[in-house]
Amino acid sequence: MDQFLPAISLKGARVIVIGDGEAARAKLRLFASAPSELVWRPAVKTINPPPAIDGETGARILPGRFVPPGAFSGAKFVFIALEDEARAVRLAARARRAGALVNVVDNLPLCDFYTPAIVDRGPVTIALSTGGAAPVLVRDIRSALEGLVAPGVGLLARSANALRDTVRDALPTVDERRRFWETALRGEAAARADAGDGPGTSRALIRTLDRFRDGKAEPGRVFLVGAGPGDPELLTLKAVRVLRDADVIVHDRLVPEAILQRARRDARRIDVGKRRGHHSVPQERIGDILIEEARKGLRVVRLKGGDSFIFGRGGEEAEAVRAAGIEVEVVPGISAALACAASAQIPLTHREAAQAVTFVTGQPKADGPELDYRSLASARHTLVVYMGVATAAVLSAKLIAAGRSGDTPVAIIENGSLPEERSVSGRLSDLPALIEAHEIKGPAVIVIGEVVARAPEMISGLARQAELEAAA
């Protein structure tokens, strides 16, 4: 560890900023909302003007090049943003003699500390630093964290702090209090805080405390979460937050480890992965697992690739859990059709190529009705087939028999959004041969329709195919 980032209280602290430019104003804005005394010495040549207050930052302004003796008395932090390095060195030495910690902007050797990039959620502060080595990099990390840290976490922390003494009196042991806070801060109170509902946050915490005090179990809850196509960056922010708060994660094989790592290390994982022709856990048993875990008072996440309500049997699982009297929340995910088409730059709809798009499964229910190939065969209509690699020959033949042209462009996108993604294009009549020739094995979607010809890679692929046929 190259640096240690302590948490220093700013309540009543005296913070002095010296300088005129944007670097000085950035430091002033940093402390604008802090409970500290903020003093700005712009260091301009005006002699002894009356003090003023900066409306943007609330700083007391004391202009003048002359910094009188005693100016740094009682200061905790002094920031110096001056072009004149010799003067900055002299002022830094004076500030240190007065007991202050000094930061000279853009001059690492003169700094007692570095200014971190901060994610500010009121009482919750996240500080990031590279020790001045790469400030742009750390700002990028901060931007990523801004989207991940729930907006209400500061309100949640303030509400929890107001209740700490009450919790200590109600729950005498450390273990009891730890279990309470683990439950309370991840439940209804967190949702209320994100909505900006202060009174509701406090009431939710108190209701949870009452249940703990009375020895009643916290009601469990099930979240059906779409994990997207596989790229962790395509998870929704809400999916990340729910996954982070989960006690139990019931997941499929298509959910990669990079996504599962977004969960808490102590969250229990249950793999119910299915493979074509081999169901390691029957669907009915998956519903039973969700119910059993939720009845223990746990937050259960059912994590599925893509979106759980698009060929993910999420509807069946939600019905089973609701029938057991357990609350269910659905967090949608980016479905494979959308992700794969976007990655291959295939517009699923286009004013000149398709006014409708239909998602179908290549593995319909064994005893269910057959696909309506006549309605799916109309021109200017995009068809996206999930789980269709094994049945591509039947699909192609029946669509052509129903009237779809054999020359209709098709694309197969395998392992969409993942590093090993690949796309293959051709014609509907050649679909089975394309799959065999390119040995398509992994999860794939098939896109059928005139829109395929609009994608750059597909255009070049179709052109090459046409050239080869002409040469033959």
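## Overall dimensions

A compact globule of 472 residues would come out with a radius of gyration near 23 Å, yet the protein chain here has 30 Å. Keep in mind that this is a predicted model. Along the principal axes, the C-alpha atoms of the protein chain fill a box of roughly 95 × 70 × 40 Å.

## Surface, burial and contacts

The protein chain exposes about 24,500 Å², and carbon and sulfur atoms supply 54% of that. As for what's tucked away, 43% of the 472 residues count as buried, with the cut-off set at under 20% relative accessible area.

Now for who touches whom. Take the contacts in the protein chain between residues at least 6 apart in sequence: 62% of them join residues at least 24 apart.

## One sheet up close

Overall, the protein chain has 16 helices and 20 strands. Let's zoom in on one open sheet, where 5 strands line up in the order β16-β17-β20-β18-β19 with mixed pairing. The edges belong to β16 (356-361) and β19 (422-427); each has a single partner strand, so one side of each is left without a neighbour in the sheet. On average, neighbouring strands of this sheet are turned by 20 degrees against each other, direction ignored.

Further in, β18 (residues 409-414) pairs with β20 (residues 444-448) in the antiparallel sense, over 5 bridges. If you want a spot to click on, Ala411 has Val447 in β20 as its bridge partner.

## The helix across the sheet

Helix α12 (residues 336-343) lies across four strands of the sheet: β16, β17 (381-386), β18 and β20. Against β17, helix α12 runs at about 115 degrees.

Note on methods. Residues numbered from 1 in each chain as written. Predicted model: local features only at pLDDT ≥ 70, side-chain atom pairs only at ≥ 80, totals over all residues. Heavy atoms only, no water. Pairing = 2+ DSSP bridges. Helix = DSSP H or I, 4+ residues; strand = E, 2+ residues; numbered from the N terminus. Axes fitted to C-alpha atoms, helices over the stretch in contact; angles between N-to-C directions. Contact = heavy atoms within 4.5 Å. Rg over C-alpha atoms; globule rule 2.2 N^0.38 Å. Buried < 20%, exposed > 50% of the residue type's maximum accessible area, 1.4 Å probe, protein only. Areas by Shrake-Rupley, 256 points an atom, 1.4 Å probe, with all protein chains shown as cover.
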